[in-house]
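Work through the exercises below with the sequence and the model open. Try each task before reading its solution.

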Amino acid sequence: MTTLATAWVDELTAALGSDGVRTDPDVTASYARDQAMLAEAGTPAAVVFPRSTDEVAAVLRVAARHGVPVVPRGAGSGLAGASNAVDGAITLVMTRMDAVLEVSPADRLAAVQPGVVNKALRDAVAGSGLFYPPDPSSYDWCTIGGNLSTNSGGLCCVKYGVTTDYVLGLEVVLADGRVLRTGRRTVKGVAGYDLARLFVGSEGTLGVITEATLALRPAPQRPVTLVATFATTAQTGQVVERVVTSGLVPSLLEVMDNTCICAVDDLLHADLNRDAHALLVAQSDSGGAAAAAEIESLAQLCREAGAQLVHSTDDPAEGDLLLAARRMALPALEQLGTTLIDDVAVPRSRIAAFLDGCDGIAVRRGLTIGVVGHAGDGNMHPTICFDPADDGQRARAFAAFDDILALGLSLGGTVTGEHGIGSLKVEWLEREVGEVSLDVHRRIKDALDPAGLLNPGKVLRRRG
């Protein structure tokens, strides 16, 4: 380490203590990347573990003085490389700031630090009869700070929306170390620009979130669950469209293609219909007769579309078993090789076309591609399975990844519904948003981070 680097490491140690700063190569290497294993990653010069907003501000002031890049990080559950390290940078790990600061049943809100695990927040508010709805698949280990930074979604988005829909206010440390408080605690508020939502989904490129005030909902009722299988994607798409146009709002509506069905059946031995081209899983958490009626209406739509099988249950244990097939889709596909997970959202009326298009890409590229996703909001997760040791397969996998993104855009969709841009999709953001929008993005970035030190190379291409 150079003398200059030693100087700023000494300043960090003075601010955070020796247990808050690590430069050991084995430690820095372990914080080099998130779950996007094929995204580029460097090696941080130091990994720091702040315990307070003041310590985060101190880190950013040191970084600003010495021109050192800073990469904010939560649990590392991301799938787009957003928290992958930059060579010579400070990786700012927020997991020690893990306190639920307040739960207010009267105001239906909670104030939390960014290191709180999503499930821990759910558990903390459950005793008050409340519910924090955003539920990424990694909810039992991903952190709220990471959820905010990528605007995470989950299985219940069809009814409850995504992370940004629950943000009332934020505390954010800016690139120069100043602390910004934005937002409110009230249900309504339109004073000034909506700065809180500017930081949601910014993937650590505009500031570091150190506290969040989040809206809560009344706890859901006992669910009623439905599973249906179909011989064609057209039938599946018809059901999704009719759910929307009929006014039904299930709390969950998920889809799996045949590749996923067979992979899950191989893993779980669940006696799934391996001839089905698609499987839908739905739930209603409206409770009692209302939930039963909602699921029966959905079941009727499935039957009218020509479903091979329609089954529903109000037994929570059986419902969990039915959902297990959906939740195990990715682990099942991982048994087939290394996975490259895409994250494309399309209009709900184009889901069938997207599923068929992914089948065509799989054939054209000579690869296995399984598609699982949130049919209720059109957010699909095509997963490409390949052998990374085979150069030909690896090249075809990345080509298929781009094919899928192009397909999504051609159908009026977006290149990411919930995983974010990270480092994997920087060029694709430019293609999607266009020149004017990209210029606005850069102007905002330059205004808040003029030296370009916050998470460089993520979301926007690095300059120079």
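**Exercise 1.** What is the area buried between domain 1 and domain 2, and what percentage of it do carbon and sulfur atoms give?

*Solution.* The model is predicted: local features need pLDDT of at least 70, side-chain atom pairs count only at pLDDT 80 or more, and totals for chains, interfaces and linings use all residues. Residues are numbered from 1 along each chain as its sequence is written, and side-chain values use heavy atoms, with hydrogens and water left out.

Step 1. Locate the parts: domain 1 is 6-93 and domain 2 is 100-218, with bounds from an automatic or database domain assignment. Their centres, taken over C-alpha atoms, are 23 Å apart.

Step 2. List the contact (heavy atoms within 4.5 Å): domain 1 supplies 15 residues and domain 2 supplies 16.

Step 3. Take the buried area, which is the accessible area (1.4 Å probe) that two parts lose on being put together, summed over both. The result is about 1,100 Å², and carbon and sulfur atoms give 70% of that area.

**Exercise 2.** Which helix gives the largest share of the side of domain 1 that touches domain 2?

*Solution.* Helices are DSSP runs (H or I, at least four residues), and strands are runs of E (at least two), numbered from the N terminus. Helix α3 (residues 53-66) gives the largest share, 6 residues.

**Exercise 3.** How many salt bridges are found in the whole structure, and how many between domain 1 and domain 2?

*Solution.* Step 1. Apply the rule: a side-chain nitrogen of Lys or Arg within 4 Å of a carboxyl oxygen of Asp or Glu.

Step 2. Count: the whole structure has 22 salt bridges, and there are 0 between domain 1 and domain 2.

Step 3. Take one example: Lys159 and Asp285 form a salt bridge at 2.7 Å, N to O. Lys159 is in helix α6 (residues 157-160) and Asp285 in the loop between β14 (278-284) and α10 (288-304), so this pair ties together parts 126 residues apart in sequence.
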